[in-house]
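Colleague: I would like to go through the labels on this model one by one. For each, tell me the value and the cut-off behind it.

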Amino acid sequence: MIKKRPTTPREVALFTLFSMNEDGAWSDGALHYYLERADLSARDAALATRLSYGVIQNRAMCDFYLTRFSSVRLKKIDARVLEALRMGVYQLTLMERIPAHAAVGETVALIERYAHASTRTVGFANGVLRAVARAVETKTLPVLNCAEKESYYALRYSHPEWLVRAWSAQFGQKETGRLCEADNAAAPLSLRVSREKIARQDAIAALEAAGFAPRAHETIENIVLCAGGDIANLSLFQQGTVTVQDGAGVVCVDTLDPQPHELIVDCCAAPGGKSFYAAERMKNTGKVVSCDIYEHKLDKIKAGAARLGAHNVETRLADATKRQDDLVGRADRVLCDVPCSGLGIIRKKPEIRYKTPEALAELPAVQLAILQNCADYVKPGGTLVYSTCTIMQCENKDVVRAFLAERPDFALEPFSHPACGMQEEGMVTLLPHIHDTDGFFIAKLRRNT
């Protein structure tokens, strides 16, 4: 992490991009770190956030323009200089109401200050950005010219072409275009309202008074979507009246359908949102066993359960691929929300899109191993839900089908939810532009009696 305290939105954004490249930081973590240190106004913090995510979300487009105006190949440009140039190009070509002189001048100043650039490099950067600014002003920016829709989507929305082609085969070209566009939109802050404590309309009124611009989710009755803000300092959050949770997680637990006095096992529980909602649905009776492989994540689950008053949540340090003998055949319902590629939450972690196919190759085997192991915890007649926050078929339907081929004692079960309607197949893939949730997969299975 860069030690210097940032003082402007552009410094926050550039430090975030540097930390991602140099320290392997996640965008949300690095951005939050620098925003805390910068102490910006709400308006400037919003600009810093948009600059950070905008550059990540539009890297291919920024590079497309840079290659047209730079006399130096991008691979030859210093990494810090290149990130700053991308940020400048993003402001000039894809942001409104940013004066060209500010985008150029402040970007060049940042390169001079933080990229340890020579006078020649600073002059080069200034020339490139001024050329882009002139092209914007004269409406002579290069036009995207792609032979295939997949190539166009990959460039226009900065998604790897292999990923776009995989989605096109799975969802069709038109839906893939909408999905890529949705990935580059700002994700709302999603809050689950504890209806045991407050009516959703009253929560919306309180959030509106606090400046969160809330709106009720159209099909998920305990979800409120907000424009953003620091929810942690709000009394509604501190008292456990609302908690941060995406609507997809709510649909997942509703599909699991936990009932009072049951034993529920959440096999990969961190950060705990689904366990907490299951506990609420059970009216704090029975037991929710929340498992995770990392002790520090269990500490977060304990803290969240305490804030929400989820007294029936019991944490357990456990590897989901390893058998827990005392749970075998005892659970009424088991949730396997397994580790995955995360390609359904690109809106929230935009850099996830740049994973390679090789990085995903080993995941289905791990997911299947977890499902095979944790299925043994389900009692005869009990329910097993498999879920991921990815939309890749190889991690979802293919894993479920591989499991069923080996476990004839389980079968898919149809289910219905207002968010997605009737699912006769027993499986659904939620998409952000259709369901107003994260990209998410849910499969419901029943163990034969």
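**Labels and their grounds**

Modeller: Start with Ile77. Leaving out residues up to four places away in sequence, Ile77 touches Ser70, Val72, Leu82, Leu85 and Phe124. Bear in mind that this is a predicted model.

Colleague: What makes Ile77 count as buried?

Modeller: Its relative accessible area is 11%. Buried means under 20%. Ile77 is therefore buried.

Colleague: Where along the chain is Ile77?

Modeller: Ile77 belongs to the loop between α4 (59-69) and α5. The C-alpha atoms of Ile77 and Thr121 are separated by 9.1 Å, with their positions 44 residues apart along the chain.

Colleague: Go on to α5. Is Glu83 buried or exposed, and how do you know?

Modeller: Glu83 has 5% relative accessibility. The limit for buried is under 20%, so Glu83 is buried. The residue is part of helix α5 (residues 79-94).

Colleague: Which residues does Glu83 touch, not counting residues up to four places away in sequence?

Modeller: They are Leu14, Leu17, Phe18, Asn21 and Val55.

Colleague: Now the helix pairs. Why are α13 and α14 called oblique?

Modeller: The axes of helix α13 (residues 247-256) and helix α14 (residues 273-281) cross at roughly 50°. Under 35 degrees would count as roughly parallel, and 65 to 115 as roughly perpendicular. The angle of roughly 50° fits neither range, so α13 and α14 are oblique. Their axes come within 10 Å.

Colleague: Which residues make that contact?

Modeller: On α13 they are Gly249, Val250, Cys252, Val253 and Asp254. On α14 they are Lys274, Tyr277, Ala278 and Arg281. By type, this contact has 5 nonpolar, 1 polar and 3 charged residues. The crossing of α13 with α14 is right-handed.

Colleague: What makes α8 oblique to α9?

Modeller: Helix α8 (residues 149-156) and helix α9 (residues 161-171) pack at about 130°, and their axes are 9 Å apart. Roughly perpendicular ends at 115, and roughly antiparallel needs over 145. About 130° lies outside both, so α8 is oblique to α9.

Colleague: Which residues form the contact of α8 with α9?

Modeller: Glu150, Ser151, Tyr153 and Ala154 come from α8. Glu161, Val164, Arg165 and Ser168 come from α9. The residues of this contact divide into 3 nonpolar, 2 polar and 3 charged. The crossing of α8 and α9 is right-handed.

Colleague: Next, the backbone. What is notable about the phi of Asp39?

Modeller: Asp39 has a positive phi of about 55°, although it is not a glycine. Asp39 sits in the loop between α2 (27-38) and α3 (42-57).

Colleague: Why does Asp39 count as exposed?

Modeller: Its relative accessibility is 65%. Exposed means over 50%. Asp39 therefore qualifies.

Colleague: And what makes Lys139 exposed?

Modeller: Lys139 has 76% relative accessibility. The cut-off is over 50%, so Lys139 is exposed. Lys139 is in the loop between α7 (119-137) and α8. Its phi is positive, about 55°, and Lys139 is not a glycine.

Colleague: Where is the cis peptide bond?

Modeller: The cis bond joins Ala270 and Pro271, with omega about 5°. Pro271 lies in the loop between β5 (263-266) and α14.

Colleague: Is Pro271 buried or exposed, and on what grounds?

Modeller: Pro271 has 65% relative accessibility. Exposed requires over 50%, so Pro271 counts as exposed. Setting aside neighbours within four places in sequence, Pro271 contacts Phe276 and Ile301. The C-alpha atoms of Pro271 and Arg401 are 28 Å apart, and the two residues are 130 residues apart along the chain.

Colleague: Last, α18. How do you know that its buried residues line one face of the helix?

Modeller: In helix α18 (residues 397-406), Val399, Val400 and Phe403 are buried. Seen down the axis of α18, the buried residues fall within an arc of 100°, so they line one face.

Colleague: What do the buried residues of α18 pack against?

Modeller: Their partners are α17 (363-375), β9 (378-388), β10 (410-412), β13 (427-430) and β14 (440-447).

Definitions and conventions:
Residues are numbered from 1 along each chain as its sequence is written. This is a predicted model: local features need pLDDT of at least 70, side-chain atom pairs count only at pLDDT 80 or more; totals for chains, interfaces and linings use all residues. Side-chain values use heavy atoms; hydrogens and water are left out. Axes are lines fitted to C-alpha atoms, for helices over the stretch in contact, and angles run from 0 to 180 degrees between N-to-C directions. Helices (H or I, at least four residues) and strands (E, at least two) are DSSP runs, numbered from the N terminus. A crossing is left-handed if the near helix is turned anticlockwise from the far one by less than a right angle, and right-handed if clockwise. Contact means heavy atoms within 4.5 Å. Ala, Val, Leu, Ile, Met, Phe, Trp, Tyr, Cys and Pro count as nonpolar, Asp, Glu, Lys and Arg as charged, and the others, Gly among them, as polar. Buried means under 20% relative accessible area, exposed over 50%, partly exposed in between (1.4 Å probe, protein chains only). The arc is that of the directions from the helix axis to the C-beta atoms.
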